[in-house]
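Hi,

Here is the structure I promised to pass on. Have a look at it first, and my notes come right after.

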Amino acid sequence: MRPRALRPQLKRDPLGCAQGDGTEVNSAAALSFVRRQGVVLESAHGPVPNLAEAVVGAPIRGSWWGHAKGKEIFWLTRAVRNSNQILVCRLLRGKITYVHRRLWPALVRLAHAFRRPDLAALREVHTARGAHTLRLVPFPRWVPTPVKRRARELTEGKAWAALGLERPPGRRSGAA
């Protein structure tokens with residue numbers, strides 16, 4: 001083993017992992033990124049960070065599918081989508097959005113400010129023939145009872161602050 005002082009300097013990437021040249025980000029780092037950020041877009045541009053660009057460490061021009069790290073991005077998005085700690089929905093502008101479980105009470109408290117279809121959980125189902133389809137679990141059917149209880153304890157202001165989002169334009173407080 002080389003002494004610590006002679007080891008190559010590692011860079012910190014946006015996901016918070018130490019990476020040297022050629023080292024890939026792992027699923028734990030991707031999940032940690034979503035946990036820290038709270039609300040993350042899968043790959044779209046918007047008011048919150050997106051996972052695809054966090055993996056690359058820079059803005060992506062065009063589709064991430066064509067990027068050199070496209071396969072890595074794909075597998076990391078699947079790891080995040082498969083986590084029971086992450087709600088996958090279309091919360092922001094109809095784009096795939098990840099919401100970490102710690103923010104579910106705030107999201108439930110503010111459900112009136114969002115369109116119901118945008119709060120539906122998206123679940124990937126793999127068929128016997130190897131294909132996969134998206135299944136929608138309507139809001140509030142996916143919400144666990146303890147989350148509903150914590151949501152009732154939150155004020156609307158604290159819920160907005162927790163989410164870190166601006167109120168959607170054109171939606172009144174208390175609107176159905």
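Below is what I found, starting with the whole chain and then going into a few spots.

A word on the ground rules: this is a predicted model, so local features need pLDDT of at least 70 and side-chain atom pairs count only at pLDDT 80 or more, while totals for chains, interfaces and linings use all residues. Residues are numbered from 1 along each chain as its sequence is written, and side-chain values use heavy atoms, with hydrogens and water left out.

**The whole chain**

The protein chain has 6 helices and 7 strands, and along the sequence they come as β-β-α-β-α-α-β-β-α-β-β-α-α. (Helices, H or I with at least four residues, and strands, E with at least two, are DSSP runs numbered from the N terminus.) Of the 176 residues, 43% are buried; buried means under 20% relative accessible area, exposed over 50%, and partly exposed in between, with a 1.4 Å probe and protein chains only. Take contacts (heavy atoms within 4.5 Å) between residues at least 6 apart in sequence: 47% of them join residues at least 24 apart. The chain exposes about 10700 Å², and carbon and sulfur atoms supply 52% of that. Those areas come from the Shrake-Rupley method with a 1.4 Å probe, and for residues only the protein chains shown count as cover.

**The sheet**

β3 (39–41), β5 (95–100) and β4 (86–92) make an open sheet of 3 strands in the order β3-β5-β4, with antiparallel pairing. β3 and β4 are the edge strands with a single partner each, so one side of each has no neighbour in the sheet. Neighbouring strands are turned by 35 degrees against each other on average, direction ignored. Two strands pair if DSSP finds at least two bridges between them; β3 and β5 have 3, and V40 sits opposite Y98 in β5. α1 (27–37) lies across β3, β4 and β5, at about 125 degrees to β3. Axes here are lines fitted to C-alpha atoms, for helices over the stretch in contact, and angles run from 0 to 180 degrees between N-to-C directions.

**Helix α3**

This one covers residues 70–81 and spans 16 Å from first C-alpha to last, close to the 16 Å expected at 1.5 Å a residue (1.5 Å times one less than its number of residues). It is largely enclosed by the rest of the structure, because 9 of its 12 residues are buried. Among them are I73, F74, L76 and V80, but also E72 and R81. The cover includes α1, α2, β4, β5, β6 (121–126) and β7 (132–137).

R78 in α3 is buried too, with a relative accessible area of 15%. Its side chain makes a 3.2 Å polar contact with that of E124. (A polar contact is a pair of N or O atoms within 3.5 Å; within protein, one must be able to donate a hydrogen and the other to accept it, and residues adjacent in sequence count only if both atoms are side-chain atoms.) Leaving aside neighbours within four places in sequence, R78 is in contact with E42 and E124.

**Two more residues**

H132, in β7, is partly exposed at 43% relative accessibility. Not counting residues up to four places away, H132 touches E124, V125 and H126.

N50 is in the loop between β3 and α2 (51–56) and is buried at 6%. The N50 side chain reaches the backbone nitrogen of E53 at 2.7 Å. With residues up to four places away left out, N50 touches several others, including F33, V40 and E42.

Cheers
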